[in-house]
There are 2 protein chains.
Amino acid sequence: MGDKMACKPTAERLLNQARQDTEALKAKGIHPHLAVVLVGENPASQVYVSNKVKTCGELGIASTFEKLPADTTTEALLALIQKLNGDDGVHGILVQLPLPEQIDESAIISAIDPDKDVDGFHPVNVGRLSLGEPGLFPCTPMGVIELLKDSIDVLKGKHAVVVGRSNIVGKPMAQLLLKEHCTVTIMHSRTQNPADVCGQADIIIAAVGVPGLVSGDWVKEGAVVVDVGINELTKEADVTRFCKEGSRKMKAFRKKGRILYGDVFYDEALEKAALVTPVPGGVGKLTIAHLMVNCVTAAKRKADV
Amino acid sequence: MGDKMACKPTAERLLNQARQDTEALKAKGIHPHLAVVLVGENPASQVYVSNKVKTCGELGIASTFEKLPADTTTEALLALIQKLNGDDGVHGILVQLPLPEQIDESAIISAIDPDKDVDGFHPVNVGRLSLGEPGLFPCTPMGVIELLKDSIDVLKGKHAVVVGRSNIVGKPMAQLLLKEHCTVTIMHSRTQNPADVCGQADIIIAAVGVPGLVSGDWVKEGAVVVDVGINELTKEADVTRFCKEGSRKMKAFRKKGRILYGDVFYDEALEKAALVTPVPGGVGKLTIAHLMVNCVTAAKRKADV
């Protein structure tokens with residue numbers, strides 16, 4: 001029987017580092033500044049964006065919030081990006097995804113100055129990550145690597161299995177684990193015998209968007225399991241499959257008619273793993289903390305300090 | 001007991017494709033043109049470069065060969081790259097690696113127009129490969145994928161193990177296998193229990209630069225083994241370890257005092273695998289054939305045909 005893996009200490013370490021770096025930069029006359037761009041009224045995006053702006057404020061990082069109407073064109077958004085690219089006072093640019101469907105998302109991401117691309121989604125940064133060159137890299141995988149460094153004595157030589165191959169989590173996660181000298185396996189929906197493949201992992205990173213996919217038989221005794229999935233469950237049959245009657249999650253479901261649940265079958269995984277991150281209250285904290293680190297990193301590099 | 005895996009038919013298919021595409025482009029008034037740049041007198045590089053130029057000639061692709069002295073500066077090479085970038089008649093630029101040590105290799109690679117980067121080493125192309133966007137991708141892994149498509153009915157769902165994590169072969173190979181929906185494991189010098197990890201592979205790609213590393217106990221019955229390694233053996237003890245007395249390789253060694261040997265212990269691997277590529281006479285042909293394909297692809301994209 002394993003333990004819940006706390007992400008908060010790592011998130012706080014990252015936030016403290018960002019806060020101290022911000023103070024040091026300010027003492028040199030440089031004020032780190034994040035520009036956050038939101039297009040449209042997506043409720044989840046509004047929450048994410050306001051959390052990011054709020055965290056900037058708590059750390060002393062300046063922020064601007066640019067809100068554009070839902071019918072914004074690619075050209076109009078490109079013009080804003082160009083303005084922010086050219087603004088020497090702006091160190092980080094974050095365009096909240098997803099964008100409305102009339103906008104060419106890939107053109108927008110490619111238009112951001114790679115050295116201001118705090119999400120790490122620009123092709124140049126994706127390339128730099130693979131090549132082992134300095135750059136800005138995606139916040140969730142970067143945060144997860146910090147969590148693993150804080151939790152596992154030696155990463156080198158461990159077998160890490162990444163479940164999912166998204167551009168935002170799975171693929172950059174694999175690159176970062178490789179950089180830490182892990183043996184890395186990437187599995188996905190087409191993988192045959194998934195329990196056997198995943199069952200070899202010393203470290204499992206689940207980032208696939210399928211609630212409870214990583215069941216107990218996928219988990220080796222003593223493994224460390226990081227759950228990056230956030231899925232909304234609204235059907236009783238789904239919730240009763242994963243949560244015991246009388247549990248806190250089940251009570252929450254009875255009250256609200258919905259709960260958030262990760263990609264890991266938490267109760268089963270906990271029986272075998274050494275550590276499992278919870279959902280919610282898990283890696284989400286790491287993502288926003290590493291966004292702050294990326295923002296300060298961009299400001300430091302620009303000032304060459 | 002498996003078979004020697006012939007690379008020549010795939011290489012010829014790629015060369016024919018490049019030849020036909022070149023003819024079609026010429027009929028439209030576009031003459032695909034590769035500029036090859038060699039700095040210094042490295043004998044191996046001279047052989048590689050002259051093979052590339054020769055193959056261009058055989059296919060009707062125009063080529064220019066720019067030879068610079070060994071003491072060329074980064075600035076001088078950058079100036080040449082800029083000239084070639086700006087030359088609308090040049091579709092592909094290949095700077096033969098390795099460069100003399102006074103030259104900043106990464107600055108040179110990053111200076112090449114990504115749309116003329118027929119080696120696929122520019123960070124933007126590395127990023128595009130990972131993101132699944134169109135680009136120019138490294139020739140050896142691209143050639144190997146074509147070989148696998150020609151040799152294996154269904155790649156989807158197969159477990160591929162890539163031995164080695166270089167920027168030129170291992171990492172792009174893993175991305176390409178993932179794109180074909182393989183489960184992909186990347187292992188390397190820090191991997192624990194390498195025989196167990198590699199022993200699960202339906203497909204093994206060896207690209208690590210250690211002669212005969214992939215021994216029989218690393219190979220699952222019926223696996224397909226692609227050997228990308230080319231190592232020179234000059235010591236009798238090394239040769240007698242891998243080659244039987246009286247074999248063709250041993251005779252060659254007795255005569256010349258050296259042989260080329262791959263990363264796969266060929267005789268042992270052949271006992272268990274279904275197919276093993278030989279060294280030499282293996283994937284090398286695929287690399288140069290795919291360089292021609294990349295060159296024609298660059299010309300086609302520029303002409304938007």
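**Entry 1. The three-stranded sheet of chain B**

I began with strand β2 (residues 33-39) of chain B and found that 4 bridges join β2(B) to β4(B), the two strands running parallel. I noted one pair of residues across these strands: B:Val36 stands opposite B:Leu94 in β4(B). I record here that the model is a predicted one.

I then looked up the whole sheet to which these strands belong. It is an open sheet of 3 strands with parallel pairing, in the order β3-β2-β4 (chain B). At its edges I found β3 (62-68) and β4 (92-95) of chain B; each has a single partner strand, so one side of each is left without a neighbour in the sheet. On average, neighbouring strands of this sheet are turned by 15 degrees against each other, with direction ignored.

I also checked what lies on these strands. Helix α3 (residues 74-86) of chain B lies across β2, β3 and β4 of chain B, and it runs at about 175 degrees to β2(B).

**Entry 2. The sheet shared by both chains**

Which strands form the sheet that has 12 strands? I read the order as β1(A)-β11(A)-β8(A)-β7(A)-β5(A)-β6(A)-β6(B)-β5(B)-β7(B)-β8(B)-β11(B)-β1(B), an open sheet with mixed pairing. The edges are held by β1 (3-4) of chain A and β1 (3-4) of chain B; each has a single partner strand, so one side of each is left without a neighbour in the sheet.

I followed two of the pairings in chain A. Strand β7 (residues 203-206) of chain A is joined by 4 bridges to strand β8 (residues 224-227) of chain A, and these two run parallel. Within this pairing, A:Ala206 has A:Asp227 in β8(A) as its bridge partner. The other pairing I looked up is that of β5(A) with β6(A), where 5 bridges join two parallel strands. There A:His159 stands opposite A:Thr183 in β6(A).

Is strand β5 (residues 159-163) of chain A mostly covered or mostly open? I found it mostly covered, with 5 of its 5 residues buried. A:His159, A:Val161 and A:Val163 point one way from β5(A), while A:Ala160 and A:Val162 point the other way, and all are buried.

Next I looked at two helices of chain B beside this sheet. Helix α6 (residues 139-151) of chain B lies across β7 (203-206), β8 (224-227) and β11 (275-276) of chain B, at about 155 degrees to β8(B). Helix α7 (residues 170-179) of chain B packs on the sheet and touches β6 (183-187) of chain A as well as β5 (159-163), β6 (183-187) and β7 of chain B; its direction makes about 170 degrees with that of β6(B).

**Entry 3. The two copies and their contact**

I superposed the copies: chain A can be laid on chain B with an RMSD of 0.0 Å by a turn of 180 degrees and a shift of 0.0 Å along the axis. The two copies are therefore related as by a two-fold rotation axis. The same surface serves both copies, for 100% of the contact residues of chain A recur in chain B.

How many residues of chain A are in contact with chain B? I found 25 residues of chain A in contact with 25 residues of chain B. On the side of chain A that touches chain B, the elements giving two or more residues are α5 (123-131), α7 (170-179) and β6 of chain A. The largest share of that side, 7 residues, comes from α5(A).

**Entry 4. Helix α12 of chain B**

I compared the length of helix α12 (residues 284-303) of chain B with expectation. At 1.5 Å a residue, its 20 residues should span 28 Å, and its end C-alpha atoms are 29 Å apart, which agrees. Of the 20 residues of α12(B), 16 are buried, and I noted the helix as mostly covered. Just after α12(B), B:Asp304 takes a positive phi of about 60 degrees.

**Entry 5. Backbone details and domains of chain A**

I looked up two cis peptide bonds. One joins A:Leu97 and A:Pro98, with omega about -5 degrees; A:Pro98 lies in the loop between β4 (92-95) and α4 (105-111) of chain A. Another runs from A:Val279 to A:Pro280, with omega near -5 degrees; A:Pro280 lies in the loop between β11 (275-276) and α12 (284-303) of chain A.

A:His181 has a positive phi of about 65 degrees although it is not a glycine. I located A:His181 in the loop between α7 and β6 of chain A. A:His181 is partly exposed, with 17 other C-beta atoms within 10 Å.

Finally, I noted that chain A is divided into domain 1 (29-114) and domain 2 (139-284). The centres of these domains of chain A, taken over C-alpha atoms, are separated by 29 Å.

Key. Residues are numbered from 1 along each chain as its sequence is written. Chains are lettered from A and ligands numbered from 1 in the order in which they are written. This is a predicted model: local features need pLDDT of at least 70, side-chain atom pairs count only at pLDDT 80 or more; totals for chains, interfaces and linings use all residues. Domain bounds come from an automatic or database domain assignment. The expected span of a helix is 1.5 Å times one less than its number of residues. A residue is buried if 20 or more other C-beta atoms lie within 10 Å of its own, exposed if 12 or fewer, and partly exposed in between; C-beta atoms are placed from the backbone. Two strands pair if DSSP finds at least two bridges between them. Two residues are in contact if their C-beta atoms, placed from the backbone, lie within 7 Å. Axes are lines fitted to C-alpha atoms, for helices over the stretch in contact, and angles run from 0 to 180 degrees between N-to-C directions. Copies are superposed by least squares on the C-alpha atoms of residues with pLDDT of at least 70 in both.
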